[in-house]
Amino acid sequence: MIQHIVKAYDEELKKLHDLIRYMGELTLSQINKAIQSIVDRDAELAREVISEDQKINLLEIRVDELATRILALRQPVASDLRTVIASLKISNQVERIADYAANIAKFSLNLQKLPSFEEVEGLPILIEIPKQMIESALIAFEKADLNLAIKVWHMDSEVDKLYKAYLQNLFAAMIADPKNVNPCTQLLFAAKNIERIGDQSQNIAEAVYTMITGKPFQESDLAKNGSKI
Amino acid sequence: MAFKIDVQNLNLFYGEKQALFNVSLGLPASQTTALIGPSGCGKSSFLRCLNRMNDVVPNLHLEGKVLLDGKDIYDPSVDVVDLRSHVGMVFQKPNPFPRSIYENVAYGPRIHRLFKDKSALDQIVEKSLTRAGLWDEVKDRLQQAATRLSGGQQQRLCIARAIAVNPKVILMDEPCSALDPIATAKIEELIDELREKFTLVIVTHNLQQAARISQKTAFFHSGYLVEAGETGELFTTPKDERTQGYITGRYG
């Protein structure tokens with residue numbers, strides 16, 4: 001994109017992108033730590049995730065403030081306006097994803113009070129696609145990459161499939177032995193939060209779609225364009 | 001969509017130099033159309049073609065059609081004075097005549113003989129000043145010199161003068177560029193009210209103003225009409241990269 005005549009405007013828009021990229025990096029690290037704390041039964045790591053969540057909340061506030069400032073002082077239009085609006089939405093969604101990571105850390109603490117349980121090994125597998133979705137959705141935002149955004153959008157159905165399969169495993173374990181009900185319940189909650197991370201990442205992809213095309217996201221448009229990837 | 005003015009394939013030359021290239025643009029009735037673009041892009045030239053203000057320019061040559069209610073205003077049978085009673089104009093700097101407030105508004109109706117007696121003229125003056133949002137401020141001093149009004153009041157007086165002859169279309173060339181924000185807001189509010197009765201065309205360098213007051217926006221560049229469309233759409237999702245560059249401040 002050609003630069004603005006007013007350099008400070010470009011710097012502010014870049015800062016907006018930088019803040020969101022940083023939010024994304026921190027959030028991915030939070031997710032990794034939360035899952036790791038379950039697998040390693042590491043209470044300290046789980047508590048770290050819970051306390052670090054505040055950092056991401058504060059970053060969201062900074063994005064809000066900067067976006068509001070740009071709207072008031074620069075009166076952005078066209079692609080600039082759509083970028084600022086997308087930033088507000090995306091930072092809100094990333095903040096929500098970080099909340100899910102903190103939730104998973106809380107279930108981690110609950111699990112650690114129970115005997116170790118082999119079904120926890122399913123979580124690192126289940127989290128893989130949602131992590132890729134966050135990462136790719138934010139790259140799609142930064143590079144205004146429509147194809148990547150659409151690709152991310154389609155990844156969510158895979159997450160839903162894996163989530164359902166994992167639930168089946170947990171139900172089977174509960175039926176096999178009532179002692180499993182307690183840990184399985186915690187894992188069920190954790191898995192639900194992972195599934196929600198996929199949904200939120202899909203929402204980011206939708207925000208990127210609107211930012212690039214200027215049109216509200218509609219699933220029927222994807223089919224029409226034949227842009228299924 | 002009914003166009004009050006329909007410009008078709010307009011080419012404008014100042015001597016050898018071509019100022020407008022094959023411009024076709026419809027101006028919808030009861031809407032404000034904003035013309036935007038960098039200096040020298042042809043937007044003011046275009047505006048001046050709409051009431052033949054360019055006629056006095058030497059070596060001017062024009063091709064194409066400008067239809068007002070379906071009738072070509074460049075047809076030899078058209079009386080230019082009559083045309084200008086249908087297509088009024090408001091300029092960048094307020095330019096009241098060095099006469100009283102009353103006489104400024106009464107001037108047009110007088111030369112076009114639009115009234116029967118003095119009381120009918122009084123009514124036209126009051127109605128025009130009221131429509132221009134100026135009546136309450138000047139009703140007790142109608143005989144005072146118009147030049148003693150503030151800049152914003154003078155501009156509203158010029159608008160009252162333009163609407164006194166009950167035109168179909170009002171052209172405005174940067175009508176707020178010499179005014180402070182409060183006076184500008186009053187003119188913008190006025191433009192929005194006037195559009196119910198008149199078709200308005202405004203040239204402005206203030207893009208936010210174009211976005212605020214117009215329903216249709218046309219972007220000119222180097223004598224070409226690059227893009228025209230619904231204002232909300234043009235300012236959120238312009239189709240042409242040159243439009244995008246200009247309105248976002250990336251124009252180089």
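1. A helix here is a DSSP run of at least four residues (H or I), and helices are numbered from the N terminus. With that in hand you can read a label such as α1(A), the helix that gives the most to the lining of the largest pocket, with seven residues. Please keep in mind as you read on that this is a predicted model.

2. Let's stay with that pocket. The largest pocket holds about 920 Å³ of space. It is lined by 31 residues, and those closest to its centre are A:M1, A:S79, A:D80, A:T83 and B:R250. Which elements give two or more residues to this lining? From chain A they are α1 (7-39), α3 (78-112), α5 (128-143) and α7 (181-213), and from chain B there is α10 (241-247). Sorted by class, the lining has 14 charged, nine nonpolar and eight polar residues.

3. Now turn to the second largest pocket, with about 440 Å³ of space. Its lining is made of 19 residues, of which B:R84, B:M89, B:F97, B:Y107 and B:R161 are the closest to the centre. The elements that give two or more residues here are α2 (80-86), β6 (87-90), α3 (101-111) and α6 (151-163), all of chain B. By class, this lining divides into 11 nonpolar, six polar and two charged residues.

4. A word on confidence in chain A. Its mean pLDDT is 95, and 97% of its residues reach 70 or more. Which element of chain A has the lowest mean pLDDT, and which the highest? The lowest belongs to helix α8 (residues 219-225), at 73, and the highest to α5(A), at 98. As a reading habit, predicted coordinates should not be read in detail where pLDDT is low.

5. Strand β6(B) has already come up as part of the lining of the second largest pocket. Side chains in a regular strand alternate between the two faces of the sheet. In β6(B), B:V87 and B:M89 lie on one side, B:G88 and B:V90 lie on the other, and all four are buried, so both faces of the strand are covered. The strand runs parallel to β7 (residues 169-173) of chain B, and four bridges join the two. Within this pairing, B:G88 has B:I170 as its bridge partner.

6. Chain B also has an open sheet of four strands, in the order β2-β1-β4-β5, with antiparallel pairing. Its edge strands are β2 (17-28) and β5 (71-72), each of which pairs on one side only. Strand β1 (residues 3-14) is joined to β4 (residues 60-68) by eight bridges, and β1(B) and β2(B) likewise pair over eight bridges. B:D6 is a good residue to click on: B:L67 stands opposite B:D6 in β4(B), while in β2(B) the bridge partner of B:D6 is B:G26. The hairpin of β1(B) and β2(B) has two residues between the strands, and B:G15 takes a positive phi near 65 degrees there.

7. Next come the salt bridges, of which the structure holds 24 over all chains. Side chains of opposite charge can pair when their charged atoms come close. In helix α5 of chain A, A:K131 and A:E128 form such a pair, at 3.4 Å from N to O. How many residues apart are A:K131 and A:E128? They are three apart in the helix, so about one helical turn separates them. A:K131 counts as buried because its relative accessibility is 17%, under the 20% cut-off. A:E128, by contrast, is partly exposed at 37%.

8. Chain B gives two further examples. B:R110 and B:E103 form a salt bridge whose closest N and O atoms are 2.6 Å apart. Both partners are partly exposed, B:R110 with a relative accessible area of 37% and B:E103 with 27%. The side chains of B:K118 and B:D122 meet at 2.8 Å, N to O. These two residues are four apart in helix α4 (residues 118-131) of chain B, so they too are separated by about one helical turn. Is B:K118 buried or exposed? At 52% relative accessibility, B:K118 counts as exposed, whereas B:D122 is partly exposed at 30%.

9. Finally, look for a linked group in chain A. A:K14, A:D18, A:R21 and A:E142 are joined into one network by salt bridges that share partners.

How values were computed: Residues are numbered from 1 along each chain as its sequence is written. Chains are lettered from A and ligands numbered from 1 in the order in which they are written. This is a predicted model: local features need pLDDT of at least 70, side-chain atom pairs count only at pLDDT 80 or more; totals for chains, interfaces and linings use all residues. Side-chain values use heavy atoms; hydrogens and water are left out. On a 1 Å grid over the protein atoms alone, a cavity is a set of points where a 1.4 Å probe fits but cannot get out, and a pocket is an open set with protein on both sides within 12 Å along at least five of seven lines; lining residues have an atom within 4 Å of a point. Grid points are joined across faces, edges and corners, and a volume is the space filled by probe spheres set on the points. Ala, Val, Leu, Ile, Met, Phe, Trp, Tyr, Cys and Pro count as nonpolar, Asp, Glu, Lys and Arg as charged, and the others, Gly among them, as polar. pLDDT is the predictor's confidence in each residue, from 0 to 100. Buried means under 20% relative accessible area, exposed over 50%, partly exposed in between (1.4 Å probe, protein chains only). Two strands pair if DSSP finds at least two bridges between them. A salt bridge is a side-chain nitrogen of Lys or Arg within 4 Å of a carboxyl oxygen of Asp or Glu.
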